[in-house]
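Welcome, and thanks for taking a look at this one. Please have the structure open beside you as you read, so that each point can be checked by eye.

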Amino acid sequence: MDGKSIFDELKEKGVSRREFIKLSGAIAGAIGLTSFPSVEAQAGTSARFPRAYQPAQLVAKALASKPRIPVIWLEFQDCAGCSEALTRSESPTLVNLVLNMISIEYHETLSAAAGFQVEEAKRAAMEKYAGQYLLVVEGSVSPKDGGIYCSIGGRSSVDILEEAAAGAAAVIATGTCATFGGLPKAKPNPTGAVSVMGLIKDKPVINISGCPAIPEVFTGVVAHYLVFGTLPALDSLNRPTIFYGNTIHDRCLRRPFYEAGKFASSFDDEGARQGWCLYKLGCKGPTTYNACATLKWSGGLSFPVQSGHPCLGCSQPDFWDGGGFYQGQSAPLSKPAGTLGAMAAGAGVVLGVGSALANKQQKKNAKKSEPGEKGGSHELE
Amino acid sequence: MNWNDVLSFARGPLFQAALLIFIAGMLYRLVRVIGLGWSRNHVRPKKSQTKGVVMSYLKGILIWPFVPWVKNTFTKNPIIYLAGGLFHLGLFVILVLGTAHMLVWKSLLGFGWKTLPLPIVDWFAAATIVAMVVLFINRLINPVLKLLTGTAEWLNLLFVFVPMLTGYIMTHHLFFQYEVLFSIHMLSVDFLLIWIPFSRISHFVFYFFSKSIHGQEFAKHGVRA
Amino acid sequence: MIATQQAINMFVQETGGWAASQLEACTRCGMCAEACHFYQSSANPEYAPVWKLEILKRAYEQRFTLVGKFKTAIGIDKKITDQDVAHWSELNYYACTVCNKCAMVCPMGIDLGTLLHTVRSGLAAAGMVPEDLETAVMKQVIEGSPLGMTASVWDSRLEWVADEWEVDIPRDVKGADTLVVFTSIEVMKFPTNVAAIAKILNAAGEKWTVSSSAREVVNFGFYEGDQEHEKLFMRRLFDGAKELGVKRIVVTECGHAYDALRFHAPNLLSEANDYEIVHITGVMADLVKSGRIKLQEGFYDNVGTLTLHDACKIQRKGGYIQEPRDILNIIAPKSFKEMTPNQEEAICCGGGGGVIAIKAADPIRYDVFTLKIDQVNKIGANMVTMTCSNCRLQFTDCMDHFKLDWKITGLAQMVADAMVE
């Protein structure tokens, strides 16, 4: 803080200029700036410079001139998994760098302080950086029954969120709980969990879904905000399109097997050993938008489908209620209970028998009214 | 409301409701028809009726529809007959031997079976769609069909055509977002399920009545079914 | 509206699970039109067999199904009117021979012939039978024969036949095995057939007889679809058979009569199953096979090209498909040539089902015959034989109309001529 730029702080920590430029490039890559500026704008640039240099330069400029962004990180009905993922990211330099770009003023899990002390720090930060800080929310909010299912320091999650959101420049919901309600919202949703965007209507909310959210995606969004001062382009679910523009299926390394119709039928059959498509084992890849298949996890080492497990679709709304995890996606979400089916069948049979009886009577009447000779008297119905 | 919600609705509650309406409606129709009573036929048969029925099915299911030149009548309109046969064969292959659909059966029945490789099913699907288009055009231009076709017949075609087309496109991940097509696919299937008991698509049940009657009747008369 | 109501009443009575399941199975694919000779010759879509059934289908839906009742209540489906009944009367009596070829092509296997007969039943109940046909029926009720073959006419005709062709025709012989029932068409118009059949049966040494009370096998009630009339005419035959104590009834060359007696009577009259009912074609084939009559091989090989017209009621509906061919392969192995399509897929002559009796249907009937002309001309035949006198009547009538010079004959006549003593 204190008006120091991020670059200054990094220099104090011993990061060399060369390293700095390299990292800038990495960040640029992470937020998908490889083709920035647009091709037309590049028309006049000298061919001596590789294209990737320019975005990196842009990022470097931003890092060299802008102070760190204050962040308040709230946790509600969550498992701290998103925080865990971020802090234990396998690409420490990049994430560290990004963490260096921000100054986390409040974070329940990371703060050394606790109790009234830390609550006081939060209040102070909100005052000091009013209108500037980024609010990051992890976990869903519980407004049900006066918010008694999730309260911190005697205040309900709704209160806390609304108070913090009021002074925020923007809200980042990280993880599927915060973005779409996640597991707490799964049927029958006992706490009445709602997502952040379900509650906060007057601030830009950017959703970084996933269980947990991919750390690189989170850092990418923050870097974007830092570099451009704006939020990246969002899809209809408020997710940054650069990371959520494609489905897992679109970028899946097993996709050729799908096209060829080669599927693993169980987790230990020949197909599974051969690395065939996991569609039959319940993969939700075709409807799941996330960057798992490209960014992957553990420093680009692997992601669930690669390691042999079907995609659960964790970055989609209501994924927990989206049918059995190991049931093919084409299957209906649930089959009607046997009793319901029996009732429907019974209703059909009763209706049929009723009709049949009425029709039998009709036939009898028709026979009765059949005159011995033509021209008997008939009344039209 | 986004496509995810539409999809969940179409795969979840709407599908359930549609399935229940389908079950109730079909049973109503079956019971009603059977309940009309079956008077005994006292005619002494000329040939074995069992054999007649078996032959009737063999010709109907295995050979007849796919070999238009077997019956001279179809030299007049072989393409239409071929299209009809191909359409039904394709439908069977897709619905029973297609992986995605087998999983539906598996979830409903509790057991699955081996399926055909996707590329093969794919060819059937393409052929089925072409056949459907041919039948559609035929219904538009054939004078008899013009007379016979009402709103219900057009709805039949629509309710079958939409799932087929969306299914094909979504399997190939073309043009639209997958869940959009998936939603439309499921919605149209739900409407189809609801529609079947009210329409002549239910012929897949009554086929077995008329085909048995055909075999039996022709055996009675001593004629090849 | 009373007429309409009576038609609907009859439909309601006649529609059981048997008919309903088949009406439900129809996909309205229109394939049956391709089989119908009336549609093929006129291209009038209303002649599609399924459309002839439309009135029955409507009655079924409006009376028996919830959806149909609902649709009628809100006015989507129109109630059946007198005009409808009149219109469908024309469609069914003028342009349908109930030849059942449509059932052969129906992908669902629907037995349209029987359903079309049900439609006629309804129309008859409504009193909407064409006048000519109704007159013929009443003539049969009163005089015993639509062609005016009263008992006295019958006597003199038979005497004349016996005289002219020098054959013995045993009459009213009690204790005979076989009762032979002729049609008035044969007796009045093709007497050679009567003589031929007598000759064959005598040569085989059959114990046979004719009956003066059961003298007319034609059943115009069957054409009309009126069950009471149908039963009345059948009862006359069975009463005659009972009186003489025969075991077997042989129907001569008459298509619809065989159909009515063999396949309808058992469901109308319980005594029908007391007798073995066979067609003369089957009898002849059996006699030939068992060697009781001998035929001169190749007797007709010098007549040019000979073909067989398959009658709808005897071949397609009666199952006598191989029998006439077996005979023809003996007496005309070289000159006999098949038309296409043939056997159970044969094209109907166009005169059956009472159509030939209706003057107003003449243009339609002649139109249909053009299909037959094409068929025969394609193989260049100059002689056509058949096992049904009604077909023969249509053929001979059309010879005049179209100025054709084919030789039209009946199979029994050919067999009688080719017999060696």
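Below is a short tour of this predicted model, going from confidence to chain contacts, domains, helix pairs and backbone details.

In brief, chain B touches chain C through 44 residues on each side, since 44 residues of chain B are in contact with 44 residues of chain C. Chain B also meets chain A, in a contact that takes 35 residues from chain B and 36 residues from chain A. Chain C has a domain assignment of three parts: domain 1 (2–128), domain 2 (136–288) and domain 3 (293–420).

**Confidence in chain A**

- Chain A has a mean pLDDT of 78, with 86% of its residues at 70 or more.
- Helix α8 (residues 175–180) of chain A has the highest confidence in the chain, at 90, while helix α5 (residues 92–101) of chain A has the lowest, at a mean of 64.
- Residues 35–53 of chain A have pLDDT below 50, and this stretch makes seven contacts in the model beyond near neighbours in sequence.
- Another stretch to treat with care is residues 372–381 of chain A, where pLDDT stays under 50 and the model has nine contacts beyond four places in sequence.
- Where pLDDT is low, predicted coordinates should not be read in detail.

**Where chain B meets chain C**

- Which elements of chain B give two or more residues to the side that touches chain C? They are α2 (13–34), α3 (49–63), α7 (143–148) and α10 (203–220) of chain B.
- The largest share of that side of chain B comes from α10(B), with nine residues.
- By class, the side of chain B that touches chain C divides into 17 nonpolar, 17 polar and ten charged residues.

**Where chain B meets chain A**

- On the side of chain B that touches chain A, the elements giving two or more residues are α1 (3–11), α2, α5 (99–109), α6 (118–141) and α9 of chain B.
- Here α2(B) gives the most, with 13 residues.
- The side of chain B that touches chain A has 20 nonpolar, eleven polar and four charged residues.
- Helix α2 of chain B is worth a second look, as α2(B) is listed for the side that touches chain C and also for the side that touches chain A.

**Domains 1 and 3 of chain C**

- The C-alpha centres of domain 1 and domain 3 of chain C are 30 Å apart.
- In the contact between these domains of chain C, 16 residues of domain 1 meet 20 residues of domain 3.
- On the domain 1 side of chain C, α4 (37–42), α8 (82–94) and α9 (101–105) of chain C each supply at least two residues.
- Of these, α4(C) provides the largest share of the domain 1 side, five residues.
- That side of domain 1 of chain C has eight nonpolar, seven polar and one charged residues.

**A helix pair in chain B**

- Helix α8 (residues 151–171) of chain B and helix α9 (residues 178–195) of chain B have axes that come within 9 Å and cross at roughly 150°.
- That angle makes α8(B) roughly antiparallel to α9(B).
- The crossing of α8(B) and α9(B) is left-handed.
- The residues of α8(B) in this contact include B:Leu155, B:Phe159, B:Val160 and B:Met170, and among those of α9(B) are B:Tyr178, B:Phe182, B:Leu192 and B:Trp195.
- By class, the contact of α8(B) with α9(B) has 15 nonpolar, four polar and no charged residues.

**A helix pair in chain C**

- The axes of helix α1 (residues 2–14) and helix α10 (residues 112–125) of chain C come within 7 Å and cross at roughly 145°.
- The crossing of α1(C) and α10(C) is right-handed.
- From α1(C), the contact includes C:Gln6, C:Met10, C:Phe11 and C:Glu14, and from α10(C) it includes C:Thr118, C:Gly122 and C:Leu123.
- The residues of the contact of α1(C) with α10(C) are five nonpolar, five polar and one charged.

**Backbone details**

- The peptide bond from A:Lys187 to A:Pro188 is cis, with omega near 5°, and A:Pro188 is in the loop between α9 (182–185) and β7 (205–208) of chain A.
- C:Thr340 and C:Pro341 are joined by a cis peptide bond with omega about -10°; C:Pro341 is in the loop between α20 (322–331) and α21 (362–379) of chain C.
- A:Asn238 is not a glycine, yet has a positive phi of about 65°, and A:Asn238 is in the loop between α10 (215–228) and α11 (241–244) of chain A.

Notes:
Residues are numbered from 1 along each chain as its sequence is written. Chains are lettered from A and ligands numbered from 1 in the order in which they are written. This is a predicted model: local features need pLDDT of at least 70, side-chain atom pairs count only at pLDDT 80 or more; totals for chains, interfaces and linings use all residues. Axes are lines fitted to C-alpha atoms, for helices over the stretch in contact, and angles run from 0 to 180 degrees between N-to-C directions. Helices (H or I, at least four residues) and strands (E, at least two) are DSSP runs, numbered from the N terminus. Angles under 35 degrees count as roughly parallel, over 145 as roughly antiparallel, 65 to 115 as roughly perpendicular and the rest as oblique. A crossing is left-handed if the near helix is turned anticlockwise from the far one by less than a right angle, and right-handed if clockwise. Two residues are in contact if their C-beta atoms, placed from the backbone, lie within 7 Å. Ala, Val, Leu, Ile, Met, Phe, Trp, Tyr, Cys and Pro count as nonpolar, Asp, Glu, Lys and Arg as charged, and the others, Gly among them, as polar. Domain bounds come from an automatic or database domain assignment. pLDDT is the predictor's confidence in each residue, from 0 to 100.
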